[in-house]
Amino acid sequence: MIPQAFDYESPATVGEAIALLQRYGSDAKILSGGHSLIPMMKLRLATPERIIDISGIKGLDYIREEDGFLKIGALAKESALEESALIARKYPLLLDAAKMIADPSVRNRATVGGNLAHGDAANDHPAVMLAYRAEIIATGPRGQRTIPIDEFFLGFFMTALEPDEILTEIRIPIPPAGSGGAYKKMERKVGDYATAATAVQLTVDGNGVCRHIGIGLTNVSAAPMRAQRSEDALRDQRLSDELIKQAAVMAGQDCDPNPDLRGSIEYKRSVVKTLTERAIKTAIERAMNA
Amino acid sequence: MFCNTPKEISGMGHGMKRKEDARFIQGKGHYVDDIKLPGMLYMDIVRSPYAYAKIKKIDASRALAIPGVLAVITGRDLEKYNLHWMPTLMSDTQMVLPTDTVMYYSQEVCAIIATERYIAADGVAAVEVEYEPMKPIVDPHKSMDPNAPILRPDKGKTDNHIWHWEVGDRNATDRVMANADIVVKEQIYIPRIHVASIETCGCVASFDPVEGKLTMYMTTQAPHAIRTVVALVAGHVGLSEEKIRVVSPDIGGGFGGKVPVYPGYVIAIAASVLIGKPVKWIEDRMENLQADSFARDYHMSCELAANKDGRIQALRIKTLADHGYTDAAANPSKFPAGMFSIVTGSYDYNTAFTEMDAVYTNKAPGGVAYRCSFRVTEAVHAIERMVDVLAMKVGKDPAQLRMENFIKKDQFPYKSALGWEYDSGDYHAALKKAMDIIGYDALRREQAEKRQRGELMGIGISSFTEIVGAGPSRHFDILGIKMFDSCEIRVHPTGKAIARLGTKSQGQGHETTYAQIIAQELGIPAEHIQIEEGDTDTAPYGLGTYASRSTPTAGAAAAIAARKLRDKARKIAAYLLEVSEEDLEWDVNKFFVKGAPEKAKTIQEIVFASYTNHPLGMEAGFEATHYYDPPNLTFPFGSYICVVDIDKETGEIKIRRFVAVDDCGNIINPMIVEGQIHGGLTQGLAPAMFEELIYDEDGNMLNGSLMDYLVPTAVESPKWETDKTITPCPHHPIGAKGVGESPTVGAPPAIANAIVDALSHLGVTHIDIPITPQKVWNILREKGMVETV
């Protein structure tokens with residue numbers, strides 16, 4: 001439970017951090033909140049020679065609406081999401097998820113950017129950002145680029161970030177009127193990774209027809225996944241209980257969970273179905289009351 | 001509740017705040033890992049990745065090349081001093097370090113000694129060990145197969161059987177079973193779990209080569225016993241008992257897991273003796289979970305016989321006990337299965353038989369008594385589950401069936417079918433109180449309505465009888481040492497006192513409760529009484545703290561030592577007041593002359609006189625010691641009721657309410673008792689719904705970290721509702737019984753019974769703990785209640 005020796009850098013700016021990444025390449029790892037990386041280092045599953053701690057970079061922890069997006073700086077803490085009045089008012093899916101990530105002491109350090117950049121399908125924000133159809137802003141030596149969330153997660157712990165790039169911002173399109181969202185998560189105990197979880201973000205028009213729909217699933221596939229068929233089944237449809245149930249069953253069928261101590265494949269599929277059904281219903285309720 | 005001293009004195013019954021908490025809540029507790037000695041070295045341990053393997057080669061050259069790595073100690077090194085094996089508390093033998101074979105996953109293979117903890121960890125990573133893996137025995141049911149490998153040929157064994165134990169009347173039980181109207185049967189498994197105390201185990205072994213003296217700072221619940229064990233194990237290398245000092249500093253939870261001697265302690269001692277410098281060894285969390293003694297792991301075949309009305313007639317239980325590769329339990333010598341024979345429970349019947357066979361497997365050794373006063377958790381789970389199974393069979397409400405079978409108040413002292421003499425109890429009153437608090441009848445009506453709607457709700461009861469306070473010397477010893485305990489009180493001239501005891505608090509609040517006992521007896525304010533435990537150079541000999549024995553044994557010793565002092569105080573008061581001793585009466589903190597209460601001497605005046613003006617011919621000073629040999633064990637009891645709601649789609653279980661009515665006799669500090677019960681209930685919830693050490697077929701532990709070994713937190717815990725009845729212990733000097741373990745023992749069956757009750761209309765009679773959402777879902781699927789997608 002003691003990491004291998006490593007060197008430590010604490011750049012003051014994103015530019016400095018990128019320069020360090022360029023210099024050290026794959027021998028270096030970015031550290032922000034540390035709640036994914038440090039446990040892996042303690043188990044010596046990760047043995048980086050150099051840690052580039054970006055947590056001291058100023059001005060990267062904002063949460064604000066601008067240019068049609070909710071912009072979240074990569075160093076915004078989970079606890080800041082929980083405490084944000086803006087999030088509480090307009091982003092119930094994000095608030096649900098932030099409240100259910102690990103426990104308060106973790107949320108006081110862990111960052112949204114780190115949660116995504118780790119590329120772990122067991123983390124909660126990937127599914128949330130899939131549901132929101134968010135964009136990732138990556139900054140590197142060649143400047144900034146925008147990566148649509150659907151192109152960000154490439155596989156097991158793999159993202160579209162280049163070795164010399166840093167995730168600097170997350171952009172969520174500001175939801176139109178009539179929108180609602182919900183995150184439903186089952187965990188064995190507080191602080192555990194999800195047995196399964198479903199993130200839903202949707203917009204319902206005056207006639208009860210679903211206009212936008214995003215559904216992301218947590219910890220039931222190698223890479224974070226979108227429940228595409230479920231979305232297609234709901235989009236532009238009037239949302240009846242029967243239809244919601246069908247969409248939920250599709251999510252259960254389409255996910256690809258591993259059997260482990262959290263449950264068998266059948267159990268996880270069943271949980272995905274139930275959580276998806278419940279998340280859609282809560283999201284609709286919230287959309288109606290928005 | 002008994003309480004007749006003013007708050008300033010705070011004797012029995014006062015909920016005074018814990019004296020020790022000032023340092024704990026300020027982060028100023030002093031634990032073993034806080035100890036830093038000049039020149040101290042650090043030890044870390046290489047552990048086996050296999051459950052059963054030959055060690056072909058240990059190549060330490062890369063480790064030894066790391067600057068700061070001073071030594072790599074192997075079993076072959078220890079063999080030269082005949083220190084490679086050690087006895088367990090159950091008179092079995094355990095490897096300190098292996099010379100040729102590893103017997104379980106995560107077993108110690110060799111130890112690194114380095115100048116820094118981080119360097120020691122690098123040393124561990126650099127040692128290369130070549131193994132030849134062998135097929136392990138993981139399932140205890142297969143350990144006696146004819147083709148099973150013999151795990152302990154070193155002991156001359158020809159099979160993997162450790163011991164057979166039985167108690168009761170086999171023939172009479174067979175007869176009653178054969179003729180009974182009803183016999184219900186269940187296979188009940190109590191899973192292997194771990195105490196998972198917040199503080200892991202560790203030590204600083206400090207050998208002074210000049211004085212030839214070893215000081216051993218360590219996380220032990222039984223410092224005196226450890227001193228004797230070390231003298232027995234290492235006497236041949238010159239460590240005789242007067243040269244050994246064991247110090248237990250503050251301990252962050254013990255729960256039975258800090259009773260045994262672990263190999264790491266012995267290796268650290270050997271390293272310190274060989275190198276002549278202090279050596280610190282602190283386990284990490286994974287080592288603690290994977291290698292330290294487990295608890296439970298009983299496979300029980302249970303049968304309960306009754307007449308057609310549900311009147312219990314006989315109990316028969318056959319158990320298979322998995323002890324891992326050595327029996328490293330920590331039971332009294334004559335009780336290889338601890339107090340399991342309390343298994344007849346709170347019920348009045350005179351025929352029972354229980355037998356048990358213990359076997360070796362390739363798993364971590366044990367099993368310790370995890371907050372269960374020696375295997376009482378297993379026993380209580382068996383009987384409390386079986387009583388519910390019987391109630392289902394005869395179609396009676398489980399509360400009613402219990403009421404009809406309880407031992408009655410006027411039957412105490414009650415001789416149980418398996419030979420215990422229950423001291424006192426009022427089981428009907430405790431269950432009635434719990435039912436009233438929770439609104440039992442209304443809950444049953446609600447449940448019936450919910451069933452109509454297809455909703456799953458269950459109500460579970462556990463009416464347990466505990467057996468704690470080992471124990472009377474005619475039956476109880478550990479390695480031959482009788483299980484008395486002790487207290488020495490010294491009162492200083494100004495009327496302030498220090499008391500030392502043979503027990504060792506690990507969070508129980510001894511510094512407060514023992515002071516209150518002495519305050520009760522002598523009238524010296526509890527805040528003026530310093531309590532000290534854990535240093536074998538100063539404290540009187542005792543067997544330590546576990547099995548809820550501190551109050552029944554050392555607490556009694558404190559009361560009696562104080563009474564010896566009160567007898568002396570009477571003599572001094574008579575001398576000072578110039579009256580005869582018979583003319584004096586005691587009142588809280590003073591002796592006064594009968595009929596003339598203004599003529600009085602306070603305890604402080606009397607104590608001062610004992611140093612300044614004591615009667616001619618009397619010994620000066622105000623000190624007393626008592627070694628207390630209890631005449632019997634104490635039998636706390638209680639009734640718990642749990643209400644659960646189950647999510648019929650996911651199988652998730654929510655405990656809606658949990659009412660615990662406990663009876664631990666007279667109460668010393670009600671706040672501490674309530675705290676004990678809250679903690680114990682949570683540790684009862686843990687195996688009921690969360691905790692189990694899981695091995696795969698190769699003997700690898702699959703959940704050897706807190707990521708997957710699910711210790712419940714405040715979030716998972718329901719709001720515990722506690723209450724009490726008080727039935728004093730008739731044989732204890734202050735009428736107290738133990739309490740620390742009652743809730744751990746009583747809670748699991750209440751929860752399991754509630755969950756089974758929620759599913760009983762589907763024909764479910766038993767589910768093994770831990771009952772997880774997946775297990776419930778599997779049942780719902782079998783019963784066609786949920787569809788797969």
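These are my notebook entries on a predicted model with chains A and B.

**Entry 1. Chain A overall**

I began with the secondary structure of chain A and found 11 helices and 14 strands. I then checked the radius of gyration, which is 19 Å for chain A; this agrees with the value near 19 Å for a compact globule of 290 residues. Along the principal axes, the C-alpha atoms of chain A occupy a box of roughly 55 × 45 × 30 Å. I looked up burial as well, and 51% of the 290 residues of chain A count as buried. For the contacts in chain A between residues at least 6 apart in sequence, I noted that 65% join residues at least 24 apart.

**Entry 2. A helix pair in chain A**

I turned to helix 10 (residues 241-254) and helix 11 (residues 265-289) of chain A, which pack at an angle of about 145° with their axes 7 Å apart. I recorded the crossing of helix 10 and helix 11 of chain A as right-handed. From helix 10 of chain A the contact includes I244(A), A248(A) and A251(A), and from helix 11 of chain A it includes V272(A), T276(A) and I280(A). Sorting the residues of this contact by type, I obtained 7 nonpolar, 4 polar and 5 charged.

**Entry 3. The side of chain B that touches chain A**

I next looked up the contact between the chains, where 25 residues of chain B meet 20 residues of chain A. On the chain B side, the elements giving two or more residues are helix 4 (117-126), helix 8 (285-291) and helix 18 (773-782). Helix 4 of chain B gives the most to this side, with 4 residues. By type, I found that the chain B side divides into 13 nonpolar, 5 polar and 7 charged residues.

**Entry 4. Helix 14 and D757(B)**

I compared the length of helix 14 (residues 550-577) of chain B with expectation. At 1.5 Å a residue, its 28 residues should span 40 Å, and the end C-alpha atoms are 38 Å apart, which agrees. Just after helix 14 of chain B, I noted a positive phi of about 55° at E578(B).

I located D757(B) in helix 17 (residues 742-759) of chain B. I class D757(B) as buried because 24 other C-beta atoms lie within 10 Å, the cut-off being 20 or more. Leaving aside residues up to four places away in sequence, D757(B) touches G458(B), I459(B) and G460(B). I also took the separation of D757(B) from I489(B): the two are 268 residues apart along the chain, and their C-alpha atoms are separated by 52 Å.

**Entry 5. Backbone exceptions**

I kept in mind that most residues other than glycine have a negative phi and that most peptide bonds are trans.

In chain A, I found a positive phi, near 55°, at F157(A). F157(A) sits in the loop between strand 8 (153-155) and strand 9 (158-159) of chain A, and with 14 C-beta neighbours inside 10 Å it counts as partly exposed.

In chain B, A196(B) also has a positive phi, near 45°. A196(B) belongs to the loop between strand 10 (182-193) and strand 11 (202-208) of chain B, and it is buried, with 22 other C-beta atoms within 10 Å.

I then listed two cis peptide bonds. One runs from G366(B) to G367(B), with omega near -5°, and G367(B) lies in strand 18 (residues 366-368) of chain B. Another joins F412(B) and P413(B), with omega about -5°; P413(B) is in the loop between helix 10 (398-405) and strand 19 (414-415) of chain B.

Technical notes: Residues numbered from 1 in each chain as written. Chains lettered and ligands numbered in written order. Predicted model: local features only at pLDDT ≥ 70, side-chain atom pairs only at ≥ 80, totals over all residues. Rg over C-alpha atoms; globule rule 2.2 N^0.38 Å. Buried ≥ 20, exposed ≤ 12 C-beta atoms within 10 Å, placed from the backbone. Contact = placed C-beta atoms within 7 Å. Expected span 1.5 Å × (residues − 1). Nonpolar A, V, L, I, M, F, W, Y, C, P; charged D, E, K, R; others polar. Axes fitted to C-alpha atoms, helices over the stretch in contact; angles between N-to-C directions. Left-handed = near helix turned anticlockwise from the far one by under 90°.
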